[in-house]
Amino acid sequence: MGSKERERYFVFMDYDPEYERIRNDRTKRGAYELDMYLSRKHDELLANTLEHGTYKKTISLIIVDGFAVEITEDQANALRSTNGVRVVEKNQEFPN
């Protein structure tokens with residue numbers, strides 16, 4: 001069984017044609033639409049996979065379809081087996 005301590009993980013999603021379509025719109029409206037689409041998509045994935053209140057999404061990434069979230073190792077493993085998720089990697093901080 002994994003650690004119960006929450007740590008930051010990065011989650012990257014599988015190919016999504018809707019993401020690609022919206023991302024190709026280089027207008028301000030397109031950027032706003034992409035931000036809203038990804039935020040909603042990522043929030044729904046977390047809500048449908050993990051127990052409410054046990055995680056903290058810190059950012060949705062726009063340049064890639066992904067996000068950062070503070071979760072436990074067990075939760076990371078649950079996300080890894082979720083349909084539509086390509087990669088879940090723990091953040092690594094290197095000493096100076």
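When I call a residue buried, I mean that its relative accessible area is under 20%, and I call it exposed when that area is over 50%, with partly exposed in between. With that in place, I can begin with β3, which is mostly covered, since 5 of its 6 residues are buried. Please keep in mind throughout that what you have in front of you is a predicted model.

Let me step back to the whole chain before returning to that strand. The protein has 3 helices and 4 strands, and, read from the N terminus on, its elements follow the order β-α-α-β-β-α-β. The C-alpha trace spans about 45 × 35 × 20 Å along its principal axes, and of the 96 residues 32% count as buried. The protein exposes about 6,500 Å², and carbon and sulfur atoms supply 50% of that area. If we take the contacts between residues at least 6 apart in sequence, 66% of them join residues that are at least 24 apart.

Now to the sheet. In what order do the 4 strands of the open sheet lie? The order is β2-β3-β1-β4, and the pairing is antiparallel. The edge strands, each of which pairs on one side only, are β2, covering 56–61, and β4. On average, and with direction ignored, neighbouring strands of this sheet are turned by 20 degrees against each other.

I will go through the pairings one by one, starting from the β2 side. β2 and β3 form a hairpin with 4 residues between them, and they pair in the antiparallel sense over 5 bridges. Within this pairing, Ile59 has Ala68 of β3 as its bridge partner, while Lys57 stands opposite Val69, also in β3. Moving on, β1 and β3 run antiparallel and are joined by 6 bridges, and here Glu7 has Ile71 in β3 as its bridge partner. Finally, β1 and β4 pair over 5 bridges, again in the antiparallel sense, and Met13 is found opposite Val85 in β4.

What lies across this sheet is helix α2, which crosses β1, β2, β3 and β4 and runs at about 145 degrees to β2. That brings me to the packing of side chains. The largest nonpolar core has 14 residues, and those with the most contacts inside it are Val11, Leu46, Phe67, Val69, Ile71, Leu79 and Val88. At least two residues of this core come from each of β1 (7–13), α2 (28–49), β3 (66–71), α3 (73–80) and β4 (85–90). There is also a second, separate core of 5 residues, which includes Tyr19, Ile22, Leu34 and Leu38.

To look at one member of the largest core in detail, take Val88. Leaving aside its neighbours within four places in sequence, Val88 is in contact with Tyr9, Phe10, Val11, Ala76, Leu79 and Arg80.

Ala76 and Leu79 lead us to α3. In α3, Gln75, Ala76 and Leu79 are buried. Why do the buried residues of α3 line one face of the helix? Seen down the axis of α3, they fall within an arc of 105 degrees, so they line one face. These buried residues pack against β1, α2, β3 and β4.

Asn77, which also has its place in helix α3, offers a contrast. Is Asn77 buried or partly exposed? Its relative accessible area is 39%, and because buried requires under 20% and exposed over 50%, Asn77 counts as partly exposed. Asn77 and Glu89 are 12 residues apart in sequence, and their C-alpha atoms are 10.0 Å apart in space.

I would like to close with a loop residue, Asp16, which lies in the loop between β1 and α1, the latter covering 17–23. Asp16 has a relative accessible area of 11%, and because that is under 20%, Asp16 counts as buried. Which residues is Asp16 in contact with, once its neighbours within four places in sequence are left aside? They are Tyr37, Lys41 and Asp65. Asp16 and Tyr32, for their part, are 16 residues apart in sequence and 18 Å apart in space, C-alpha to C-alpha.

Definitions and conventions. Residues are numbered from 1 along each chain as its sequence is written. This is a predicted model: local features need pLDDT of at least 70, side-chain atom pairs count only at pLDDT 80 or more; totals for chains, interfaces and linings use all residues. Side-chain values use heavy atoms; hydrogens and water are left out. A nonpolar core is a set of buried Ala, Val, Leu, Ile, Met, Phe, Trp, Tyr and Cys residues joined through side-chain atoms within 4.5 Å. Buried means under 20% relative accessible area, exposed over 50%, partly exposed in between (1.4 Å probe, protein chains only). Contact means heavy atoms within 4.5 Å. Two strands pair if DSSP finds at least two bridges between them. Axes are lines fitted to C-alpha atoms, for helices over the stretch in contact, and angles run from 0 to 180 degrees between N-to-C directions. The arc is that of the directions from the helix axis to the C-beta atoms. Accessible areas come from the Shrake-Rupley method with a 1.4 Å probe; for residues, only the protein chains shown count as cover.
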